[in-house]
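I opened my notebook to get to know this structure, and these are the entries I made along the way. Come and read along.

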Amino acid sequence: MTKGSVRFENVAKRYGEVTALKPLTLDIAPGTLCTLLGPSGCGKTTTLRLIAGLESASEGRILIGGEDVTNLSATYRRVSMVFQSYALFPHMTVAENVAYGLTVKRMPRREAQSRAEAGLEMVGLTGFGDRLPSELSGGQQQRVAVARAIVLEPEVLLLDEPLSNLDAKLRRHVREEIRQIQQRLGLTAVYVTHDQEEAMAVSDRIIVMKNAEIAQAGTPHDLYERPASAFIADFIGDANLIDAEIIGSGQTKRIRVDGIDHKLVMQTTLTGAVKLVLRPHQIALSATPRTDSIPAEVSYAAYLGNHIQYSLTSNVGEIFAILPPLETPFRRGDNLFVSWRSEDIRLVSQ
Amino acid sequence: MTRIVRFWSLLGITAFLLLPWYMVQGGFWTFGWVTDPGGTGASAALHVASGRIWLLGPALGLLGAVLATVLPLSQAARARAWLVCGVAGLALLIGQALLILGTGPRLAALGDAAQPGMGAGAFVVSVSLLFVMTTGISALGRGRGDAFVTGLVGLIVALVAVFVFYPMAFIFVQAFELRGGAGFGLSEFVPRFFSPQTWSLGCVTGSGTCGAAFNSLMLGILTGLGTTLLGLSFALIFTRTDFRAKRLLRALTILPIITPPFVIGLALILLFGRSGSITEFAHWAFGMEKTRWLYGFWGVWLAQMLSFTPIAFLVLIGVVEGISPSMEEASQTLDANRWQTFRRVSLPLMRPGLANAFLLGFIESLADFGNPLVLGGNFNVLSTEIYFAIVGTVADPAKAAILSMTLLAMTLAAFVLQRMWLGRKSYATVTGKADNGQNAALNPGLKWACYLTALPWAAFTLMIYVLIAFGSFVKLWGYDHSFTLQHYKQAFGIVVRNGVHFVGAAWDSYVSTLTIAAISAPLTAAVGLATAYLLVRQRFTGKNVFEFSTMLSFAIPGTVIGVAYVMAFNFPPIELTGTALILVLVFIFRNMPVGVRGGIAAMSQLDKSLDEASIMLGANSFTTLRRVILPLLGPAILAAVTYSFVRAITSVSAVIFLVSARHNLATNFIVGRVENNEFGIAIAYSVVLIVTMLAAILALQAVIGHRRLRRSDRVAA
C-alpha cells in the first residue's frame, strides 16, 4: 500500500437500529479522484465521514496509506476536508483561516503565513488574505476552503458536495479548477455529490451507492456504457428502460420487445425477461414506419434551442427522446414511429 | 494518550506522597499544613505507614496505570489496563470513604478505624484516577478516540454525581431512617409522608387550616395561571400592537433577575400591611378596617405574581414572535378576520409556549422561599416548612427530608409533564428561510383587554420599585416619613479615622457575597457551557441519561438542594459545612442550568461543520473549543458569567442553611433584619444590591455592544 490510498475492509456503520452503511469493501488508488455518487440517504456522506474520522465505524477496518486508522481520531488522520457549507471560521481572516491547520500544528507563525499565501495563490486569491470570509463571494469562499484543506498537504482530500452552494455557471468553472489542482498536486481525492454530470466530469472513478451499499463502481465510461442495473442505467445519464425478453440461445439469440423480435448484436449472459437501455439521443423518430419500429404518440414537446425533448406514449410505456431541431418539428398528438440502432442497445436484468 | 495517562497518574502519585490527604484546619491555602507534615498535614503515604492501610488502594490504581504505560503491551491491552486501574482505584477510594467515617467504620470487621473528611490530596488523587479511566475509555475508541471529550464527560458526570445526586441521596436516606439508628424502613416514613399536617384540606372543608402540600399546590397553580395570562397580555402588547413604550416593557423583564428576594414582599408590606400606605389611605378615606389580609395566601400570591410575571413575559415574547407571520397572512387571505385568525391560528400555535410558561410559574412558585417567609404568616408552604424543620426550635431533619421529597415530587412531576407535552408536538413555524410578512395586529377588543390588564400591572410593578428606593430613605415607614440616611449609614457606614474603617453592619456579608459570587460565576459558566458543549456537539454512550440528569437538576428547588447539602456535607467523607467552598459549590450547581441553557442556545446557532473543519485541520477538541467555539461564543459566555453572578447574589433558598458566621451572605443578612422588623436597613441593603447587579448587567451590555462595534470596524478597514 502506498501513500494516499484508502481502503475499507467490511466497514459498516449503524446508529442503533438504523443501518447507515452495510459492510463495505472498497479501494481507492493513490493520486486518483474518486467520486461517491448517489441519491440522498444512500450512505455516501457516511462513507466520507468515516474516512475523515468524524464517524467511527461500527465494524470493519479502515486503512489510509496502508495504516490502520479505524480507532484514530480525526485530528491525527492526514486527511483534509472541504465542507459543503465551507465552514470558514467567521471570526478569522481568510489568511488566518488558511493558516489555522498549520498553526495548530505549532508551525512557526512566519512559515505558516507564507504557506498560507502560497495556498491562496494556488486558488487564485492572492491579496485576499486580510478579508473576512463574509466579505467574499460564494465562489471565493469555496476556494478559500480548498486552499485551507490543501496547505496541510493531506494524504487524502475529501470534498463533501463542494459545489452545491454555487450557481450553475460557476459550478462548471470551479469543478475544473478543483480537478486541475488535484491532478497538479497528485492528491488522492474523494468527492461526494448527488449530481451525476458533475461526477462524470471530474472523476477517475465513480462509486455509485444506493441503500447504504455500493450499486456499481467503475470509470465514468464503464458506468455509462456498461450499466450493471436498471438503477445505474437510469442514474448515470438518462435512459429509457423498456421491458423486453431474450428469445433463443447461442447465435440465434434475439430480443423481443412488444411482441416484435429484434436483432441482438451485443454479447450477453442474461436470459429471459430483461430491460432494454436506450439513451434519449439514441432514439430515432419518423412519421412513417421503419423495420421493427414501435408506434408512439407525442405527448409533450419542449424546444430547448440546440435540441428538442419529446415525451412519447407507446405500448412499451413512456419514451423520452432528444433530437436536434428539425425544419418542421413534431407536435403534440403526432403519431410517430420509434426505432433505434441494434448496436446502441444495452441490456440490464429486471 | 500514553503521555496523558502518565501525566495524570504521576500527578496523582505526587499528591498521594506529598499533599495532606484529609481536610486541613484553617484551609488549604494558608499552607499551615506544610509545617506540620506529621500531623494534620500528613499525606496519604504517611497515613498508610501509620496504620490507615486502606488508603493504599487508590495509589495501587495509579501505580498500575503508570506500569501499563511502560510495559510492552498492545494498544488495546494498554487501554483496557488503564480503564481497569482507573475504575479499581476510584472504587477503592470511594469504598473506603463511604465505609470508614469520622465516627468509625460502618462494618464491625474494620475495628475502630475512623477518619476525617477528605482534603486536597484525596481530591487530586480522585481527579487523576478519573482521567486515567476516561483516557482508557477513549483509547478503546469511544468518543471518536478523543481523550478530551471522554475526560470532559467523565468530569461533568462525576461533578453532577458528587454535588447533585450524592446529596440528594441523603434526603432519601434521612427520610427512610428509623429513629434511634434502628436501620431503615417504611414504618415511620409512610405515616409522616401522608401526615394530615401536610395534606389536610381543612380550609376547603371548613374545619381549620390546610396542609403545606395542599397550600403549595394551590398557590403554584394560581400563580402559574396568573403569570401566564398576564405574561401573554404583555407579550401580545409587545409584539402585536403599536404601543409606544415597548422599551419600558422590555425593561420589566430584567427586574426579576436583579431583585433580591424579600424585596417585593417588603414593598407589599409597606403598601398593604397594617400600617401600609394604601391601608392607611383606605382607612382614612373609606373607613375600611385595617386588617392583616396581606399575611397569608393572597399576600404571597400577589408577591409571586409580581415576581414571576416578567418570567412568563420573557418566555411568551419568544413564543409569540416565533409564530411565522406567513401563517397569519395565510389565514387572512383565506378570509378569516383578525379575531378568527388569533383564535384559530395564533393561539393554538402558542399552546406549547403557554404550557411552558405555566409550568415555569408553577415550579418557581413551589420553589419560592423568600415571599412566603416574609408574607406567609400562618399560611404554610412546603419550602418554609422545610426551613423551619431545619432551623426551628425543634430541629427535625427527617421531617425536612420527607417534606423535601414531597416538594421534589411536585416539581419533578411538573417538569416531566412539561417535557412530555413539548416533546410530542412540533409547533415550530419559523424556518431558516427569510420570512418578510407582517404579524397580524390584534383586534380592538383583545387589544384593550391586554392594555387594561397589563398596563396597570406594569404601573403597579414600577410603583413597587420606586417605593423601595423611597422607603430606604425614610425613618420609619408608616409612622415617620422624614428623610434620613440612617439606614445606609447603619449598613454601609465608613469611618475615616486612623485609616478607613468599614463599620457598617452589612459590609461583611456584602463583601463575602460579592467575593463568593465572583468566584462561582466563572466556574458556573464553565461547567454550564462544558455541559452544553457535550449535549449539543458530542455523541457518546449514555448521552440521553446524561442529558436527562442535568435537566432534572433544573427542577430541584433551592430549599431542597440546601437541605441536601447540609445533610450530605456535614461529616466525612466530604465535610464542607462552614466553609466558603460549600457556598461556591451550591451556587455552581444551583445556577448551572443558566449556563447550560445559555450555552445550548448559543451553540445551536453555530454550524457543526465549523468544529468538524477544525478537527479535520488537525486541531484536537480542546484546541477547537479554545480557538473556534469560545471566540464565537464570546457574548454568550459573558452573559452566562454575569447571570450566574447576579443569581448568586439574589439566591437565598439554597444558601440559607449553609451560611456561617465567617461567611455570611447578603440575603441571609436581610432575612435576619426582616425577622427583627428592621425593614429600613433591609430595604436599604436591597437597594444597594439592586444597584450593584444593575451595574454588572449594564457593564455586560456595554462590553457586548463594544465587541460588535470592533468587528464592524474591521470589516470597514
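**Notebook: confidence, domains and contacts**

I began with the weak spots: over residues 708-717 of chain B pLDDT (the predictor's confidence in each residue, from 0 to 100) stays under 50, and the model has two contacts beyond four places in sequence for them. For contacts I used this rule: the C-beta atoms of two residues, placed from the backbone, lie within 7 Å. Residues 424-435 of chain B also stay under 50 in pLDDT, and the model has 14 contacts beyond four places in sequence for them.

I noted that this is a predicted model, where local features need pLDDT of at least 70 and side-chain atom pairs count only at pLDDT 80 or more, while totals for chains, interfaces and linings use all residues. Residues are numbered from 1 along each chain as its sequence is written, and chains are lettered from A and ligands numbered from 1 in the order in which they are written.

Next I checked the overall scores. Chain B has a mean pLDDT of 82, with 92% of its residues at 70 or more. The predictor gives the complex an ipTM of 0.81 and a pTM of 0.80.

Then I looked up the domains in UniProt, whose positions are in the numbering used here, with shortened feature names and annotations that may be inferred rather than shown by experiment. An unreviewed entry lists "domain: ABC transporter" at residues 6-236 of chain A. That span is 36% helix and 26% strand, and its end C-alpha atoms lie 24 Å apart. I took helices (H or I, at least four residues) and strands (E, at least two) as DSSP runs, numbered from the N terminus.

For chain B, an unreviewed entry lists "domain: ABC transmembrane type-1" at residues 213-418 and 510-700. Residues 213-418 of chain B are 78% helix and 0% strand, and residues 510-700 of chain B are 76% helix and 2% strand.

How many residues of chain A are in contact with chain B? I found 25, and they meet 20 residues of chain B. Strand S6 (79-82) and helix H2 (94-104) of chain A each supply at least two residues of that side of chain A.

Last, I followed one helix pair. In H27(B), Leu610(B), Asp611(B), Ser614(B) and Ile615(B) meet Thr624(B), Val628(B) and Ile629(B) in H28(B).
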